[in-house]
Amino acid sequence: MKKTLTVLIFSVQFFSAQNIAQRLDKVTKDLMDSSGAIASNLSFYVSDENGNFIYEYQGSKGLSTASTQKIFTAGAALETLGKSYTYKTTSSYSGNLSGGILNGNLFISSNGDPTLGSWRYEAYKPESFKKKLMEAIKTAGITKISGDVVIDDSYFDHQTIPGGWPWDDLGNYYGAGVWGVNWRENQFDININGTEFKSFSYPLEGVKWLNDLSTGGSSDQSLIFTAPHSNTALINGMLPTGKTVTVSGSAPNPPLQLAAEVKQWLKESGIEISGKVVTNSQLELDGKPVLEAPKDNVILTYQSPTLDKIVYWFLRKSVNLYGETFIKTLGKEKKGNSSFKSGVAFLKEFWKSKGINPNMINFADGSGLSPQNYVAAKAEVQALLYAKKQPWFEAYYDGFPVQENGMKMKSGTMRDTKSFAGYQTAKDGKKYVFSIIINNYQGNGSAELQKILNVLK
């Protein structure tokens, strides 16, 4: 009797999976027929929560992922660094402090905290860092500084942008680079009416603008072009007529921006400063020796939110800056080299060690913004299945957004690229893990891909 019952249950499960597979195959082929997509441009894989295969449409061993690439970076960061890991920003001083007068420089250094001055965390906004830094300076008894404000941005190497990122993306907020000292997520906002700049979210230090905007249409079709260390910015494209639109860009020199703001804070607090604001990268560009932040005379150690909180926003709002910071941090801490190349190599080694075929993962960055990331849907499912068994899974899963069709999954969107990867519990209680990636897609938005995934509901 028990044997018969086991066979019956197995048969029901087998035919149920077979039925789902048939339905998935039908809607997948319908999509290919209706959109005229080439078969090699689609990669689709579905398993149950235990990793048992249900369906695969494998047109290519690897496709450009867009932001579903983040599921690999988030998992590696949580396991390697730990969900309680924090970044640190410190302030110290050189020289002598006597009678309230600092005969030396005030330093700020960091190990690349991407959340410093971020608006996403209630206790970590720019005002919070300002308050704590000013309190620390006053507690130390400093009332006058005869030297400079020095931002030691030397923790990471000089390359702030991963190779392969499109030039069209670099100046926009989602294309912000990674520096040894980051500030306000390296983003600024401009309020623009028609073609006229009305205001900035904060004064952008040392930047001159070329404005090639035109008006027309009903949505923001503008692009900002900035480059690291450049003092020239270009904006072009089209904005609607007759209303104010907020356009967000990436700051070309975040450490210098922070230095300028700190000098202003000192002035507002009645602390006189005789020197200028400098960054170590700027000193190098000028052919001058860098100034190392003293290990002694530390007046402030400012910690970031814990990594699980950062990963939440990394996945939930697809913050590319966080992913590239993770890549540099992993390279620095695990290989002693903060280059993107080193961090990406570690990322591939990590997932290879978890059983993913290295031929199915060819990473170019940590966020998916590079079109040179190539991954198979099966590899994404394997990463999701691995994560599900780990003690950090709750922090990982919590970051996955709920999409328009009600399913909890990470999405990816880039020019002619759409992707989804995530977890789904169907109405009948069955649990699925899935990934779908399509390149050179000429369809309307992501609705057609979500229609395919609705079979799993």
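1. In this predicted model, the stretch to treat with caution is residues 1-15, where pLDDT stays under 50 and where the model has 0 contacts beyond four places in sequence. Where pLDDT is low, the predicted coordinates should not be read in detail. For the chain, the mean pLDDT is 93, and 95% of the residues reach 70 or more.

2. Helix 9 is a good element to begin with, and a student may check its length directly. Its 14 residues, 340-353, reach 20 Å from the first C-alpha to the last, which is close to the 20 Å expected at 1.5 Å a residue. Just after helix 9 comes glycine 355, whose phi is positive, at about 100°.

3. Which residues of helix 9 are buried? They are Phe340, Ser342, Gly343, Val344, Phe346, Leu347, Phe350 and Trp351. The elements covering these buried residues include helix 2 (70-81), helix 8 (320-335), strand 18 (361-362) and helix 10 (377-388). When looking at such a list, it helps to recall that an α-helix has 3.6 residues a turn, so residues three or four places apart point the same way.

4. The packing of helix 8 against helix 9 deserves a separate point. Two packed helices are described by the angle between their axes and the distance between the axes. Here the angle is about 85° and the axes of helix 8 and helix 9 are 7 Å apart. Because angles from 65 to 115 degrees count as roughly perpendicular, helix 8 is described as roughly perpendicular to helix 9.

5. On the helix 8 side, the residues that meet helix 9 are Glu324, Ile327, Lys328, Leu330, Gly331, Lys334 and Lys335, and their partners in helix 9 are Phe340, Ser342, Gly343, Val344, Ala345, Phe346, Leu347 and Glu349. Sorted by class, this contact has 7 nonpolar, 3 polar and 5 charged residues.

6. Helix 10, one of the elements that cover the buried residues of helix 9, can be checked in a similar way. Its 12 residues should span 16 Å at 1.5 Å a residue, and the end C-alpha atoms are 17 Å apart, which agrees. Because 9 of those 12 residues are buried, helix 10 is largely enclosed by the rest of the structure. The buried residues are Ala377, Ala379, Glu380, Val381, Ala383, Leu384, Leu385, Tyr386 and Ala387.

7. A last point concerns asparagine 52, which lies in the loop between strand 1 (42-48) and strand 2 (53-58). Asparagine 52 counts as partly exposed because its relative accessibility is 42%. From asparagine 52 to leucine 24 there are 28 residues in sequence and 16 Å in space, taken C-alpha to C-alpha.

Technical notes
Residues numbered from 1 in each chain as written. Predicted model: local features only at pLDDT ≥ 70, side-chain atom pairs only at ≥ 80, totals over all residues. Heavy atoms only, no water. pLDDT = per-residue confidence, 0-100. Contact = heavy atoms within 4.5 Å. Helix = DSSP H or I, 4+ residues; strand = E, 2+ residues; numbered from the N terminus. Expected span 1.5 Å × (residues − 1). Buried < 20%, exposed > 50% of the residue type's maximum accessible area, 1.4 Å probe, protein only. Axes fitted to C-alpha atoms, helices over the stretch in contact; angles between N-to-C directions. Parallel < 35°, antiparallel > 145°, perpendicular 65-115°, else oblique. Nonpolar A, V, L, I, M, F, W, Y, C, P; charged D, E, K, R; others polar.
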